[in-house]
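Okay, thanks for coming, everyone. Let me put the thing up on the screen and we'll walk through it.

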Amino acid sequence: MSGRSDSEPLPDAHTEDASREARRARWAAAGAGAVLAPAGAAAALLRLTGPAPVLVPVAYACGAAVCALAAVLGSRGRTRRALWLLVAGLMVMALGDQFD
C-alpha cells in the first residue's frame, strides 16, 4: 500500500504549469502597475509645474491612481481586472497628453 487513498488526485504537470502561469500573471500585473503608477504621478507633477492646462496633470494623476489600483488587484490575484485597469489607466494618461 502506498498510504494514499484512491480518491486523492494525482499531482500532474498541468496543474503545476497552471499555477506557475497564474503566479507569473500576478507578478506581471502587479509589476506593471507598480511601474506605471509612479511614472504617471511624476508626469502629473511635471505637467503641473509647466504651462499645460489643468486637465493634463489631472488626467495623469487619475491614470496613475487607476494603475496603482491595478497593481493592488494584480498582487491579490485579480489579474484580468488588473490588466483591464492598466489599459484604462494608460488610456486616461494618453487622453490627458492629447489636451496638451
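So, L90: buried or exposed? Neither, really: with a relative accessible area of 41%, L90 counts as partly exposed. Keep in mind this is a predicted model. L90 sits in helix α3, and if you leave out residues up to four places away in sequence, it touches L36 and C67. Take the C67 pair: L90 and C67 are 23 residues apart in sequence, and C-alpha to C-alpha they're 7.8 Å apart in space. C67 itself is buried, at 0% relative accessible area.

While we're on cysteines, C62 is a partly exposed one, at 41% relative accessibility. And disulfides? The count there is zero.

Okay, stepping back to the whole chain. We've got three helices and zero strands, so from the N terminus on the order just reads α-α-α. Of the 100 residues, 23% are buried. And for the contacts people: take pairs at least 6 apart in sequence, and 67% of those contacts join residues at least 24 apart.

Now α3, since L90 brought us there. Does its length make sense, or what span should 20 residues give? At 1.5 Å a residue you'd expect 28 Å, and the end C-alpha atoms are 29 Å apart, so that agrees. The buried residues of α3 are A82, L86, G89, M93 and G96. Look down the helix axis and those buried residues fall within an arc of 90°, so they line one face. Flip to the face turned away from that buried side and you find the exposed residues R80, R81, W84, M91, L95 and Q98. So yes, W84, M91 and L95 are on that exposed list along with the arginines.

Some of those buried α3 residues show up again in the core. The largest nonpolar core has 12 residues: A29, A37, A43, A44, A52, V56, Y60, C67, A70, A82, L86 and M93. Which elements give two or more residues to it? That would be α1 (13–49), α2 (55–75) and α3 (79–98). The general background, for anyone who wants it, is that nonpolar side chains in soluble globular proteins tend to be buried together.

One core member to click on is V56. Again skipping residues up to four places away in sequence, V56 touches R47, G96, F99 and D100.

R47 is a good handover to the charges. How many salt bridges do we get? Two. One of them pairs R47 with D97, with the closest N and O atoms 3.3 Å apart. R47 is in helix α1 and D97 is in helix α3, so this pair ties together parts that are 50 residues apart in sequence. Both ends are partly exposed: R47 has a relative accessible area of 25%, and D97 has 33%.

The other bridge is R20 with D17, closest N and O atoms 3.2 Å apart. This one stays inside helix α1: the two residues are three apart, so about one helical turn separates them. The textbook version is that an α-helix has 3.6 residues a turn, so residues three or four places apart point the same way. On exposure, R20 is partly exposed at 41%, and D17 is partly exposed at 41% relative accessibility.

That's my tour. Questions?

Key: Residues are numbered from 1 along each chain as its sequence is written. This is a predicted model: local features need pLDDT of at least 70, side-chain atom pairs count only at pLDDT 80 or more; totals for chains, interfaces and linings use all residues. Side-chain values use heavy atoms; hydrogens and water are left out. A nonpolar core is a set of buried Ala, Val, Leu, Ile, Met, Phe, Trp, Tyr and Cys residues joined through side-chain atoms within 4.5 Å. Buried means under 20% relative accessible area, exposed over 50%, partly exposed in between (1.4 Å probe, protein chains only). Helices (H or I, at least four residues) and strands (E, at least two) are DSSP runs, numbered from the N terminus. Contact means heavy atoms within 4.5 Å. A disulfide is a pair of cysteine sulfur atoms within 2.5 Å. The expected span of a helix is 1.5 Å times one less than its number of residues. The arc is that of the directions from the helix axis to the C-beta atoms. A salt bridge is a side-chain nitrogen of Lys or Arg within 4 Å of a carboxyl oxygen of Asp or Glu.
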